[in-house]
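Reader: Before I rely on any label attached to this model, I should like to see the criterion behind each one. May we go through them in turn?

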Amino acid sequence: MGHHRGVPPDVIEITDPADPRLADYSALTDVDLRTKFEPPAGLFIAEGELVIRRAVEAGYRLRSLLLSEKWLPGVAALAGDAPLYLASVELLEQVTGFHVHRGALASVRRRPLPDLDGLLAASRRIAVLEHVNTHTNVGAIFRGAAGLGMDAVVLSPSCADPLYRRAVRVSMGEVFKVPYTRLEPWPRGLARLREAGYRLLALTPGVDAVPLPEFRPAPGERLALLLGAEGPGLSPAALAAADTRVCIPMAAGVDSLNVAAAAAVAFYAVTSAG
Ligand SMILES: C[S@@+](CC[C@H](N)C(=O)[O-])C[C@H]1O[C@@H](n2cnc3c(N)ncnc32)[C@H](O)[C@@H]1O
């Protein structure tokens, strides 16, 4: 690397893996450490040109970019006024702890979460996740929510962070398009959804549920779809708080779908009805 190879002068080349300017990017594979560090530090990590572009297009501001030389032509224009750090593939791996296939990382400023009442007022179809604590499921649910026209997502306090790197990547950056917020106290706070005019639908494979193909919302009705975690499913308290239980009928001998797959089926049903 070097300016003699056409590196623009405003690009900062980094050769020391301990350089403090790369602190945002250290130990990216340590989920425990990262999930404790990122939200209070007000940042998240976006990986790959497409996802970084979607973050910028959604109005997020970058703290910095870190990339290897190959990615400079596609990604440099996204930097805005953020510092752009260039490093070798080996150094990227040393700092982050993994081989960065997509070659470009951005440290992105978080924004405050929207106010629940405003979000409810502006929406008609929302997904409510209880204890969905797997980043890949959260990412896939956001991708489905964006693609199928859900207006917002509400998370119980123990749900995984939608802006954690793997969730962002699995969502293909669609996580930036769907507004979301957290609901506390859980599950008592669900009453606020009903007060805002939502019917609470519990998505559950339970036998006493209305089959989704038979479910018809009233004209203009607002719907909140409650989805539970892999394993336990919705808690008894969340099921009790719901107005209606709805199931996706399963073929003989199959208990349930993965939560993101169930979400996509239900999102399609409620966004294409009424
Ligand atoms: C893997 S399932 C949990 C299964 C759990 N044994 C239960 O009884 O809920 C995860 C979540 O996906 C949704 N889900 C999965 N399959 C479903 C189905 N056939 N009908 C309705 N919801 C379903 C529910 O919201 C559920 O809480």
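Reader: Which polar backbone atom is 2.8 Å from a nitrogen atom of the ligand, and what makes the pair a polar contact?

Author: The atom belongs to the backbone of Ile248. A polar contact is a pair of N or O atoms within 3.5 Å (within protein, one must be able to donate a hydrogen and the other to accept it, and residues adjacent in sequence count only if both atoms are side-chain atoms). At 2.8 Å, the Ile248 pair therefore meets the definition. A polar backbone atom of Gly228 is 3.1 Å from an oxygen atom of the ligand, and a backbone N or O atom of Leu257 lies 2.9 Å from a ligand nitrogen. The protein covers 86% of the 560 Å² of accessible area that the ligand has on its own; such areas come from the Shrake-Rupley method with a 1.4 Å probe, and for residues only the protein chains shown count as cover.

Reader: What kind of model is this, and how are the residues numbered?

Author: The model is predicted: local features need pLDDT of at least 70, side-chain atom pairs count only at pLDDT 80 or more, and totals for chains, interfaces and linings use all residues. Residues are numbered from 1 along each chain as its sequence is written, and side-chain values use heavy atoms, with hydrogens and water left out.

Reader: How many residues surround the ligand, and by what criterion?

Author: There are 18, the closest being Leu203, Gly228, Gly233, Ile248 and Leu257. A residue is counted if one of its heavy atoms lies within 4 Å of the molecule.

Reader: Why is Val154 called buried?

Author: Buried means under 20% relative accessible area, exposed over 50%, and partly exposed in between (1.4 Å probe, protein chains only). Val154 has 1%, and is therefore buried. Val154 is placed in strand S7, residues 152-155; helices (H or I, at least four residues) and strands (E, at least two) are DSSP runs, numbered from the N terminus. Among the residues that Val154 touches, leaving aside those up to four places away in sequence, are Leu116, Val128 and Leu183, where contact means heavy atoms within 4.5 Å.

Reader: Is Asp19 buried or exposed?

Author: Its relative accessible area is 13%, so Asp19 is buried. Asp19 sits in the loop between strand S1 (11-13) and helix H1 (31-41). A polar atom of the Asp19 side chain lies 2.9 Å from the backbone nitrogen of Arg21.

Reader: What makes a group of residues a nonpolar core?

Author: The term denotes a set of buried Ala, Val, Leu, Ile, Met, Phe, Trp, Tyr and Cys residues joined through side-chain atoms within 4.5 Å. The largest such core has 54 residues, and Leu65, Val153, Phe176 and Phe267 have the most contacts inside it. Helix H10 (residues 259-272) gives the most to this core, with seven residues. Apart from it lies another core, of 20 residues, among them Leu116, Val128, Ala152 and Ala242. In soluble globular proteins, nonpolar side chains tend to be buried together.

Reader: How many disulfides are found, and by what test?

Author: A search of the whole structure finds zero. The test requires a pair of cysteine sulfur atoms within 2.5 Å. Cys159, at 6% relative accessibility, counts as buried, and Cys247 counts as buried at 11%.
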